Amino acid sequence: MRSLRVLSGVLLATTMMPVVMAAVLADVEIPSDEASLQRGAQLATSVCLGCHGFKYLRFGNLQALGFSDEQFDSLRAGQDLDAALDSYTPADVARDLYGVVPPDLSLMAKAREGGPHHVYTLLTSYYTDESGVTDNHLLPGVRMPDVLGYSSAATPGERTELERQALDVVAFLSWAADPKVEQRERLGYFVLGYLVLFAALLYVLKRRIWARLG
Amino acid sequence: MASTLLAWINRRFPFTSFVRNELTDYPVPRNLSFWWNFGFLAGFVLLLQIVSGVFLAMHYKPDVNLAFDSVQHIMREVEYGWLIRYLHSTGASAFFAVIYLHMIRTLYYGSYRAPRELMWWSGQVLLLLIMATAFMGYLLPWGQMSYWGAQVITSLFGATPMIGEELVLWLRGDYAVGDATLNRFFALHYLVPFVLCVMVLIHLVALHHVKSSNPSGIDLAAKDNIPFHPYFTIKDLFGMVVFAVMFFAVVFFAPETFIEEANNVPADPLQTPPHIVPEWYFLPFYAILRAIPDTLGGAAAMTVSVLIFAAMPLLDRSSLPGGARYRPVYRAMFYLFVMDVLVLGYLGTQAPEAWVVVVGRVATIIYFSIFLLLPWVSKIEERWLRRRGLPTALQATMASERRQKASGV
């Protein structure tokens, strides 16, 4: 038992850290339902791909999100199923335009502290000051423009709609960074269930064998 | 037929006697607690790492332009590649967790004492080999933390007097961590585990010679020993499955726990991450490194902080058996040490602000003081305990050990 306590202490100590550091990020629940993922995929392919790529995703992978045939055909716009989701702006052009190559988004949801919360906060932290300059609270001076138009949202209703779009985008980014999550967790329940049962049987067997010692 | 075959083999290879001596008749103290499970678990994790590692190597490419992509290829396109990789990355952490618990048990119960010094020392070599393997393996995904971690740690060798610069160049094979470094780290990361297996064998041969220690701290009389099989095969197997439940819970439901976010960004030699944090199992030693203002001093202190465990059989001068069980002062020192290591581990995660440095220095002084004061403390403690009168349970234990030695069993 004591060993369990030590181990859980170590585990806790290591898992607590990102939570504490991510405190400034918006505390939203990242959706994972099919509708959100589909809307996110549409935003990603129509907006994000303008500058960023998803080089580890292929168009064929998007079929896993449950699109109808027509939806999927319009999404892939004639691209090959095996084609990667590359940016519409080639890297060298982007470097000339912005001075940097916009980062690849395949792993973005796991590549920043706070993961999807970081991206969500970034997308919804744009503002315009009195002099008409648009900037970002989370990453001041960030070179990415306010693609969702959050800084020019006039009404709370408009802002809520943009926040929903941001949530859809990060839902898609989370899936893109970990497309096997569903398969992994489904298998995980079987494996853990089997092991718990196996452990219980071994415990009974152990008791029985040790009982011979009297 | 089977018995004829067995006889044929036994004339040429001591199969039956080996199984009998090392398994079915191998005597193990019956009073072992679950703290004695971790050696077996370490063996299990080693096997897991080798098997998953071999399969990863089939798909991985040790090339600075391909390494990061090949890991994503494993994660996304290789059938169950994500499982193989998460087994391996979680396995590294599990290995250290198990090894550290194994060491904590040895320290608490004084299992390093005569005649088990060579077990402790071969274990120390195993620890160093595991650390080296883990360090080199961490470079392979070629993420930002991989790159900068290797850059920082290899640069420490530059503090070596006289040959520092040449040594760093020799280790990296280039002026900075690069393709040459990645290639050799991959080669060595694949090689060292097999050296490790040989060391495990030596560790086991020593174990089967001196037999297992036990909570009482003395060698038990024959009647208190039971055969390894079936009693400990079933006990170790049960422990292994309990361990597997925890291990697979991480693999399937929180596999990114031990993967730094920065390591999901490809290595970029032109961009240093805001702060470079090693894996959790190196954090206490990393905190000691940073606590010393001088690079050479820091690197030396970090090295000594790992190697100093080997001195335990020499530093502990008490003749009382049972480790911390019957020794209140040693027990207090043990818990202080464990807490101190946890504090150091926490400090290792923090950016080196003023308070982190101050607390780090205090914790470092405590870390080394515990070892260095032990020869005197253990002597004085024993004198005090004997003057006060030893607990009856301990007296009985020591008397039974004396009787056994006298009767020569």
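This report walks through a predicted model, starting with one chain and ending with the contact between two.

## Chain B as a whole

A good place to begin is chain B, which is built from 16 helices and two strands. Its radius of gyration is 24 Å, close to the 22 Å that the globule rule gives for 409 residues, so chain B is as compact as a globular protein of that length. If you picture a box drawn along the principal axes, the C-alpha atoms of chain B fill roughly 70 × 65 × 45 Å.

The domain assignment splits chain B into domain 1, covering 34-276, and domain 2, covering 279-409. Between the C-alpha centres of these two domains there is a distance of 24 Å.

## Where the two domains of chain B meet

Now look at the place where the domains of chain B touch. Here 37 residues of domain 1 are in contact with 38 residues of domain 2. Together the two domains of chain B bury about 3,300 Å², with 68% of that area on carbon and sulfur atoms. Within domain 1 of chain B, the residues that lose the most area to domain 2 are Tyr108(B), Arg113(B) and Ile218(B), which together make up 20% of what that side buries.

What about polar links across this interface? There are 18 residue pairs in polar contact between domain 1 and domain 2 of chain B, counting pairs with both residues at pLDDT 80 or more, while the count of salt bridges is zero. On the domain 1 side, the elements that give two or more residues are helix 5 (81-109) and helix 6 (117-139) of chain B. Sorted by class, that side has 27 nonpolar, seven polar and three charged residues.

## Backbone details to look for in chain B

Some spots along the backbone of chain B are worth finding on screen. The peptide bond from Ala114(B) to Pro115(B) is cis, with omega near 5 degrees, and Pro115(B) sits in the loop between helix 5 and helix 6 of chain B. Another cis peptide bond links His229(B) to Pro230(B), with omega at about 10 degrees. Pro230(B) belongs to helix 10 of chain B, residues 228-253.

Trp142(B) is also one to visit: although not a glycine, this residue has a positive phi of about 55 degrees. You will find Trp142(B) in the loop between helix 6 and helix 7 (144-156) of chain B.

## How chain A meets chain B

How many residues does each chain bring to the contact? Chain A brings 48 residues and chain B brings 43. The two chains bury about 4,300 Å² between them, and 72% of this lies on carbon and sulfur atoms. Three residues, Tyr56(A), Arg184(A) and Trp210(A), supply 16% of the area that chain A buries against chain B, more than any other three.

Three salt bridges are counted between chain A and chain B. In one salt bridge, the side chains of Lys55(A) and Asp69(B) meet at 3.5 Å, N to O. The chains also share nine residue pairs in polar contact, with both residues at pLDDT 80 or more.

On the side of chain A that touches chain B, helix 1 (2-21), strand 1 (54-58), helix 6 (156-177) and helix 7 (181-211) of chain A each supply at least two residues. Helix 7 of chain A gives the largest share, 18 residues. By class, this side of chain A divides into 28 nonpolar, eight polar and 12 charged residues.

Note on methods:
Residues are numbered from 1 along each chain as its sequence is written. Chains are lettered from A and ligands numbered from 1 in the order in which they are written. Side-chain values use heavy atoms; hydrogens and water are left out. Contact means heavy atoms within 4.5 Å. Buried area is the accessible area (1.4 Å probe) that two parts lose on being put together, summed over both. A salt bridge is a side-chain nitrogen of Lys or Arg within 4 Å of a carboxyl oxygen of Asp or Glu. A polar contact is a pair of N or O atoms within 3.5 Å; within protein, one must be able to donate a hydrogen and the other to accept it, and residues adjacent in sequence count only if both atoms are side-chain atoms. Helices (H or I, at least four residues) and strands (E, at least two) are DSSP runs, numbered from the N terminus. Ala, Val, Leu, Ile, Met, Phe, Trp, Tyr, Cys and Pro count as nonpolar, Asp, Glu, Lys and Arg as charged, and the others, Gly among them, as polar. Domain bounds come from an automatic or database domain assignment. The radius of gyration is taken over C-alpha atoms; the globule rule is 2.2 Å times the number of residues to the power 0.38.
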